Amino acid sequence: MNAPALPERPLARCRAAIARRFGVDARALAALRVSLGVLLLADLLLRSRDLVAFYADSGVLPRAVLREQFPAMAALSVHALSGSAWVQGALFLAAGGVAVALLVGYRTRLAALVSFALLVSLHARNPVVLNGGDSLLRRLLFWGMFLPLGRRWSVDALRAARERAADGRSPGSLSEEYERQPGNHVASVATAALLIQVVVVYTANALFKLRGDRWVRGDAIQYVFSLDQLIVGFGDVLARYPLVLGFFDRVWLGLLVSSVALVLLTGRRRTVFASLFVGMHLGMALTMRLGIFPLVSIAGLIPFLPRAFWDRATAKLRASEAWDRFDREDRRGRLDGLVSERNRRGPAEAARQIGRAKPPVVAGLLAFVLVWNAATLGYVAAPEEVESAVDPGEYRWDMFAPEPRGADGWYVVPGRLENDTRRDVFHGTAVRWDRPPDVADSYPNVRWFKYLMDLRVGANEPLRPHLAEYLCRRWNASHGVGVERLGMYYVEQPTRLEGPEPTHRIELLRYACARQASVSE
């Protein structure tokens, strides 16, 4: 007599509970794919404004300096194979083309792989201009390579449906039962890794913040909003209301500390909780000069949105005849893909073997990510061979942690011209030492801000002459009267919530310019 199957029921319920928490709706993966494609394109467009300055040999970081100062990075960069501006432009265009393929879901897995490789190469070409948003974008794209990002709303799915129709096969049932089929809910080690990665970012940031006094005390955001070099738009208005800033301080720290609930909650409660994070990131985008960082963070929250959210989000679209037709073909293609994956023979056997090997590989990579983040927090020691190549402390999730910077500041670069007059050769204006009307506007963009903030650090002192050399060439290329020598200063203004805020000049460099070939911007 066979034993009853009752002991299996708790195990089945446990598996179902894990799948609900670590699985991702296929439509969420499609939305993530579209978001990554758009973000890659936007990032390339924004970076292209400073293509010569940041990525060519005639810019602030020639390849020889990159290899000397960041040898591990230089080895990863295809962009470092040439210092010509036109080669960098060609690589930008190639990356843009692959990003479009990812956006529309054409050869999706290949597009994700190539996009990731080109993004790593681009970031490695100039690590001085990178921020936390770049790191998160890389990680989202990395985990996306192991996920079926093209299963829904993609060219790949439509091609599969049309191939089925061309073969004269029945489209099969496309009733509401379709939404209950397992292929529309993806639960795997890769989906778990993607969700855990986002939670790790928030949790690590929370742990860093708890090490400082200001976040616990409740006035950290007030200090953040006193930094005019960062605050723009509505932030200038919000900075006048310390009680409101104190409220947001508590809310944000509370969300970070409890961020593990992003995977513990399910259904509507998860949607509401994820929406709170989205709202805070939108607030950052409206008040601070952070580039695409808040948008990358929002993209990372998309996979947490459950099936019920996507059912409601697409309900009105289904009323559209064009969308309904597209959705039918898209779903048919998704089903065909699942069927063909099960029925392939011959060469596809190797692909199936790779598929079986993927879960343990992804699990190993996830374990490495967890250990790496533990190393950035100081909980474990990184292996010596890893630490000698890359310092984990340089890649930690510590934005405004453990405490915000306690000082504002701006750059002044006075240059002595050949006609014995003085001009600020960075801003192209008269030399002014007093506080600019808008400190944020004194930095050309987010990349320049990050670069110039890092340039103040003693470890980056060898990079300063190359900025000076670039400024000399740029000035001489666009002005009839050349610059003979320049000084580089950072004017620092410590933040005091009450009372005067004195300034003091920090001399970073004195440099004698030589008459050189011009820089073509």
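Is Ser-297 buried or exposed? I began my notes with this residue, and I should record at the outset that the model is a predicted one. Ser-297 has a relative accessible area of 4%, and since buried means under 20%, I entered Ser-297 as buried.

**Entry 1: around Ser-297**

I located Ser-297 in helix 17, which covers residues 293-301. Leaving out residues up to four places away in sequence, I found that Ser-297 touches Leu-136, Tyr-202 and His-281. Two of these names came up again when I went through the helices: Leu-136 is one of the buried residues of helix 8, and His-281 is among the buried residues of helix 16. I also checked a pair separated along the chain, and noted that Ser-297 and Gly-133 are 164 residues apart in sequence while their C-alpha atoms are separated by 7.3 Å. Gly-133 is itself listed among the buried residues of helix 8.

**Entry 2: helix 16**

Helix 16 runs over residues 267-287 and has 21 residues, and I read 31 Å from its first C-alpha to its last, close to the 30 Å expected at 1.5 Å a residue. Besides His-281, I listed as buried in helix 16 Arg-270, Thr-271, Phe-273, Ala-274, Phe-277, Met-280, Met-284 and Thr-287.

**Entry 3: helix 8**

How many of the 13 residues of helix 8 are buried? I have 11 of them in my table, so helix 8 is largely enclosed by the rest of the structure. The buried set includes Asp-134, Arg-138 and Arg-139 alongside Leu-137, Leu-140, Leu-141 and Trp-143. The end C-alpha atoms of helix 8 are 18 Å apart, which agrees with the 18 Å that its 13 residues should span at 1.5 Å a residue.

I then looked at Phe-142, which also lies in helix 8. Apart from its neighbours within four places in sequence, Phe-142 is in contact with Phe-116 and Leu-365. Phe-142 and Ala-112 are 30 residues apart in sequence, and I noted a C-alpha to C-alpha separation of 8.0 Å for the pair.

**Entry 4: helix 6 against helix 7**

Ala-112 took me to the pairing of helix 6 (residues 85-104) with helix 7 (residues 108-125), whose axes come within 9 Å and cross at roughly 145 degrees. The crossing of these two helices is left-handed. From helix 6 the contact is made by Phe-92, Ala-94, Ala-95, Val-98, Ala-99, Ala-101 and Leu-102, and from helix 7 by Thr-108, Ala-111, Ala-112, Val-114, Ser-115, Leu-118 and Leu-122. Sorted by class, I have 12 nonpolar, two polar and no charged residues in this contact.

Helix 6 has 20 residues and reaches 29 Å from its first C-alpha to its last, close to the expected 28 Å. Its buried residues include Val-87, Gln-88, Leu-91 and Gly-96, and what covers the buried residues of helix 6 includes helix 2 (26-48), helix 3 (51-55), helix 7 and helix 8.

**Entry 5: Thr-108 and the loop before it**

Thr-108 is found in helix 7, and at 5% relative accessibility I counted Thr-108 as buried. Beyond residues up to four places away in sequence, Thr-108 touches Arg-33, Leu-102, Leu-149, Gly-150 and Asp-156.

Just after helix 6, Gly-105 takes a positive phi of about 75 degrees. Arg-107 lies in the loop between helix 6 and helix 7, and its phi is near 50 degrees, a positive value in a residue other than glycine. Arg-107 counts as partly exposed, at 44% relative accessibility.

Trp-153 likewise is not a glycine and has a positive phi of about 50 degrees, and I placed Trp-153 in the loop between helix 8 (132-144) and helix 9 (155-166). Trp-153, however, is buried, with a relative accessible area of 18%.

**Entry 6: the whole chain**

I counted 24 helices and seven strands in the protein, and 49% of its 521 residues count as buried. Among contacts between residues at least 6 apart in sequence, 76% join residues at least 24 apart.

The largest nonpolar core has 126 residues, and those with the most contacts inside it are Trp-448 and Tyr-451. With residues up to four places away in sequence left out, I noted that Tyr-451 touches Phe-54, Val-60, Val-128, Val-129, Leu-463 and Leu-467.

Conventions
Residues are numbered from 1 along each chain as its sequence is written. This is a predicted model: local features need pLDDT of at least 70, side-chain atom pairs count only at pLDDT 80 or more; totals for chains, interfaces and linings use all residues. Side-chain values use heavy atoms; hydrogens and water are left out. A nonpolar core is a set of buried Ala, Val, Leu, Ile, Met, Phe, Trp, Tyr and Cys residues joined through side-chain atoms within 4.5 Å. Buried means under 20% relative accessible area, exposed over 50%, partly exposed in between (1.4 Å probe, protein chains only). Contact means heavy atoms within 4.5 Å. Axes are lines fitted to C-alpha atoms, for helices over the stretch in contact, and angles run from 0 to 180 degrees between N-to-C directions. Helices (H or I, at least four residues) and strands (E, at least two) are DSSP runs, numbered from the N terminus. A crossing is left-handed if the near helix is turned anticlockwise from the far one by less than a right angle, and right-handed if clockwise. Ala, Val, Leu, Ile, Met, Phe, Trp, Tyr, Cys and Pro count as nonpolar, Asp, Glu, Lys and Arg as charged, and the others, Gly among them, as polar. The expected span of a helix is 1.5 Å times one less than its number of residues.
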